[in-house]
Amino acid sequence: MQLYNKIDKNVLKQRLMDEPFKRKTISFYRYVIIDEPQTLRDELYLNWRKLGCFGRIYLATEGINAQMSVPEHNWDKFMESLYSYELFKDVPFKVAVEDDGKSFYKLVIKTRNQIVADGLKPHDYDVTNVGKHLTAKEWNEAMDDPNTVIVDMRNHYESEIGHFENAVCPDSDTFRDELPMVLQKLEEQKDKKVLLYCTGGIRCEKTSSYLKHHGFEDVNQLLGGIIDYKRQIDSEGLENKFIGKNFVFDERLGERISGEIISNCHQCGKPCDTHTNCKNDACHLLFIQCEECAKKYDGCCTPECQDFIHLPIEEQRELRRGEAKLGDQRNVFKKGRVRPKLTEILQADDKPDTEA
């Protein structure tokens, strides 16, 4: 029995675009002991594939972390399927802020050692001892307290396009890197009220436990993360203290929370907060690109990648099989940390050739 997708992604994307029905994009997580993640993984895959669900779901012995797209006409059946497991009974959902139903084009469910990779050992935290969960109203009030420190628990390429006012935004590539950074930054501020936030709340759950383990007492976290903060401020008419866009890990790559654009195109420098992946599949770099540069470079990060995508497909495949694989381009960068390097590359390409 097939328990994995084997269809070409371009075919799947076209099928998604042709669907005559609407989808709902959601995310949820729960820390709970799962005795046999692989068995559960296979059950969920079979059940959710029948319902036409797409998404990216991670299972581990410590719980579940899911971002999904569910056909609206199968929503009740999906909830019935999920809640039929006592482990996930009444797990709360975060519903996407901006949703055109095109967030995912296939169903991927994987088992991992952890639902969020953090590099911590079991004795470094206790997920039963976490910070206080604050509603959007409570969060706004806490932000006004001068004895607070606000910490963004996302990666630099996420906070680059949007963050809360006056937040500490660590310059990290991964959550694993960020945890010790945050601990070091806050070491002299244990007397302050710590406010943690992330996309949907899962990273804050682990961070609050980690900080409490290291002696922090007044640790707080935004209930439901940025996604649910937006829902709450809209439904309750509260002041929005988040500036810019919320990065999301699906095909959309972002949801607008406020009208401000606080970042810049990594190629020309004009105000822009639209992330994209380089159209060269041998590179696939995540970076910020404005419409003009997307047109100029055919959606690629550099002229080298632009040239590559116009080669005959067989030649592209042959080059990707080679050791280089455009490695000089791809390995220079990590996620969105590209602006200075891309600028250097593009400026060099614009210079006229000179004789030695």
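Visitor: What makes two aromatic rings a pair here, and how many pairs are there?
Guide: Rings of Phe, Tyr and Trp (its six-membered ring) pair if their centres lie within 6.5 Å; planes under 30 degrees apart are stacked, over 60 edge-to-face, and the rest tilted. This is a predicted model, so local features need pLDDT of at least 70 and side-chain atom pairs count only at pLDDT 80 or more, while totals for chains, interfaces and linings use all residues. Residues are numbered from 1 along each chain as its sequence is written, and side-chain values use heavy atoms, with hydrogens and water left out. By the ring rule, the count of aromatic pairs comes to 15.

Visitor: Which residues do ring pairs link into a cluster?
Guide: Here's one link to start with: phenylalanine 28 and phenylalanine 93 pair edge-to-face, 5.5 Å centre to centre with 85° between the planes. Both of these phenylalanines are buried (under 20% relative accessible area with a 1.4 Å probe, protein chains only; exposed is over 50%, partly exposed in between). The cluster linked by ring pairs is Phe28, Trp48, Trp75, Phe78, Tyr83 and Phe93.

Visitor: How many residues apart are phenylalanine 28 and phenylalanine 93?
Guide: Phenylalanine 28 belongs to strand β1 (residues 23–31), whereas phenylalanine 93 is in the loop between α3 (75–83) and β4 (94–95). Helices (H or I, at least four residues) and strands (E, at least two) are DSSP runs numbered from the N terminus. The pair links distant parts of the chain, 65 residues apart.

Visitor: Why are tryptophan 75 and phenylalanine 78 separated by about one helical turn?
Guide: Their rings form a tilted pair, 5.6 Å centre to centre and 35° between the planes, and both residues are buried. The separation is about one turn because, within helix α3, they are apart by 3 residues.

Visitor: Which residue has its charged end over the ring of tryptophan 75?
Guide: A charge sits over a ring if NZ of Lys or CZ of Arg is within 6 Å of the ring centre and within 35 degrees of the ring normal. Arginine 23 does this over phenylalanine 54, 3.9 Å from the ring centre. For tryptophan 75, at 4.3 Å from the centre, the residue is lysine 24.

Visitor: In what order do the 4 strands of the open sheet run?
Guide: Two strands pair if DSSP finds at least two bridges between them; β6 and β10 (residues 219–222) have 3, in the parallel sense. The edge strands, each pairing on one side only, are β6 (132–134) and β7 (148–152). The order is β6-β10-β9-β7.
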